[in-house]
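Let's take a walk through this structure together. Have a look at the model below, turn it around a little, and then read on.

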Amino acid sequence: MWPYWMLFLLVAFRASVRLPTPVGASKNWSDWWRLMFVLLVLMIGLRHEVGGDWSNYVGHIQRASFESLERAVLRGDPAYSLLNWIAAQLDLGPYFVNIVCAALFGWGLVVFCRTQPLPWLALVVAVPYLVTVVAMGYTRQGVAIGLAMLGLVALADRKILRFVVFVALAATFHKSAVILMPLAVLAGARNRVWTALWVGLASVLFYVLLLEDAVEQLQYGYLEREYQSQGAAIRLAMNAVPAMVFLKYRSRFDMSPADRMFWTWMSLGALAFVGLLVVSPSSTAVDRVALYWIPLQLFVLSRLPDAMAQQPELNTIWTRLVVAYSAAVLFVWLFFASHANAWLPYQFYPWVWFWQ
């Protein structure tokens with residue numbers, strides 16, 4: 001499991017140096033961020049037999065090898081199915097699909113983190129679960145979350161159309177991303193009525209195109225069969241705790257009134273998932289949708305030192321607390337999660353291929 005810890009410690013080291021990037025100051029990535037992007041793409045994209053659904057992803061490619069392009073794309077999530085079809089035709093295996101997905105996820109993650117006052121601390125929060133578990137285990141939804149984070153950055157700049165485009169792209173990898181479309185209405189646009197109207201129409205359009213045919217299957221798969229996810233309550237709590245912190249101390253967070261209102265609604269949504277978990281017949285359904293709220297953890301916890309430290313010398317203490325909390329999340333998951341064995345040991349495909 002040392003590769004996971006090496007990645008975490010590298011990011012934690014950069015966070016401890018505390019070299020904040022002024023929000024929106026430069027769109028050019030430093031050498032450190034370029035290095036981190038490449039490292040994320042290689043580690044996520046070239047993993048070998050890592051993740052609980054690895055055999056399923058291999059099966060997708062094998063199935064696509066017997067299908068036409070049209071049938072392959074229409075059968076599942078269009079963009080992800082297209083990648084599988086290409087991999088099958090060119091005999092590239094799951095590594096081609098994973099490397100493309102990792103690049104899209106890493107792009108969204110890095111861009112989102114760099115919009116935070118303490119970008120490396122945001123990445124520290126992301127590594128234990130969003131990177132290690134989601135991106136390396138739930139490939140399709142990992143890409144969708146990465147693209148959704150690009151959408152959230154666009155929303156912060158009040159670029160509603162760009163947000164809609166990124167969410168639409170996310171939905172081509174995992175159809176459930178369509179549920180994020182209405183968030184555009186909460187972004188503080190000048191003409192809320194007009195925004196609500198055209199975003200509502202876009203939501204209906206993409207629901208019909210991407211999600212409508214899958215609703216019955218999802219209802220049967222998740223609700224009627226009452227699928228349950230071990231640890232769902234813990235994962236929802238990981239969103240709910242930052243949400244409660246933000247709601248209680250939101251006046252201390254340095255941001256525009258529009259951004260404060262948007263993240264207030266996001267925090268309320270994170271708490272609503274806790275209630276849904278209680279009444280839903282399937283914890284898996286709630287758990288999977290709540291994954292889209294993980295960026296709330298990055299947003300709140302990376303801003304916590306500046307929000308909570310009343311004196312400059314206390315800022316470092318709060319930063320270390322966030323790093324320690326994130327390390328504890330990684331430790332608990334690797335040692336005690338029921339499915340962690342599917343991630344252990346970490347195997348890097350070029351290394352495995354070399355020794356075969």
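Let's begin with one residue, Val-332, which sits in helix H15 (residues 312-336). Helices here are DSSP runs of H or I with at least four residues, strands are runs of E with at least two, and the numbering starts at the N terminus. Before going further, a word on the model: it is predicted, so local features need pLDDT of at least 70 and side-chain atom pairs count only at pLDDT 80 or more, while totals for chains, interfaces and linings use all residues. Residues are numbered from 1 along each chain as its sequence is written, and side-chain values use heavy atoms, with hydrogens and water left out.

Back to Val-332: with a relative accessibility of 43%, it counts as partly exposed. Buried means under 20% relative accessible area, exposed means over 50%, and partly exposed is what lies in between (1.4 Å probe, protein chains only). Val-332 has company too, as it forms a nonpolar surface patch with Met-1, Phe-331, Phe-335 and Phe-336, with about 490 Å² of accessible area together. A patch takes residues with over 30% relative accessible area and no salt bridge, joining nonpolar side chains (Val, Leu, Ile, Met, Phe, Trp, Tyr) within 5 Å and like charges within 9 Å. Areas come from the Shrake-Rupley method with a 1.4 Å probe, and for residues only the protein chains shown count as cover.

Now step back for the whole view. The protein has 16 helices and 0 strands. Of its 356 residues, 50% count as buried. The accessible surface comes to about 17,100 Å², and 66% of that belongs to carbon and sulfur atoms. If you take contacts (heavy atoms within 4.5 Å) between residues at least 6 apart in sequence, 76% of them join residues at least 24 apart.

What about the inside? The largest nonpolar core has 106 residues, and among those with the most contacts inside it are Leu-109, Leu-130 and Trp-263. Helix H7 (residues 119-137) gives the most to this core, with 15 residues. Such a core is a set of buried Ala, Val, Leu, Ile, Met, Phe, Trp, Tyr and Cys residues joined through side-chain atoms within 4.5 Å. Pick out Leu-130 and, leaving aside residues up to four places away in sequence, you'll find that it touches Phe-105, Leu-109, Ala-135, Ile-145, Met-149, Ile-294 and Leu-298.

Another spot to visit is Pro-242, found in helix H11 (residues 232-249). Pro-242 counts as buried, at 3% relative accessibility. Not counting residues up to four places away in sequence, Pro-242 touches Ala-237, Gln-297, Val-300 and Leu-301. The C-alpha atoms of Pro-242 and Phe-299 are 8.9 Å apart, although 57 residues separate the two along the chain.

Phe-299 also belongs to an aromatic cluster with Phe-246, Phe-253, Phe-262 and Trp-263. Rings of Phe, Tyr and Trp (its six-membered ring) pair if their centres lie within 6.5 Å; planes under 30 degrees apart are stacked, over 60 edge-to-face, and the rest tilted. By this rule there are 17 aromatic pairs. Take Trp-5 and Phe-8: their ring centres are 6.1 Å apart and their planes stand at 90°, so they are edge-to-face. These two are 3 residues apart in helix H1 (residues 2-17), which means about one helical turn separates them. Tyr-57 and Tyr-80 are edge-to-face as well, because their centres are 6.1 Å apart and their planes at 70°. Tyr-57 lies in helix H3 (residues 54-64) and Tyr-80 in helix H5 (residues 78-90), so this pair ties together parts that are 23 residues apart in sequence. Both tyrosines, Tyr-57 and Tyr-80, are buried.

Finally, which charged side chains pair up? A salt bridge needs a side-chain nitrogen of Lys or Arg within 4 Å of a carboxyl oxygen of Asp or Glu, and the whole structure has 5 of them. In one, Arg-34 meets Asp-31, with the closest N and O atoms 3.0 Å apart. In another, Asp-259 meets Arg-158 at 3.1 Å, N to O. Asp-259 lies in helix H12 (residues 257-279) and Arg-158 in the loop between helix H8 (139-156) and helix H9 (160-171), so the pair ties together parts 101 residues apart in sequence. Asp-259 is buried, at 18%, whereas Arg-158 is partly exposed, at 30%.
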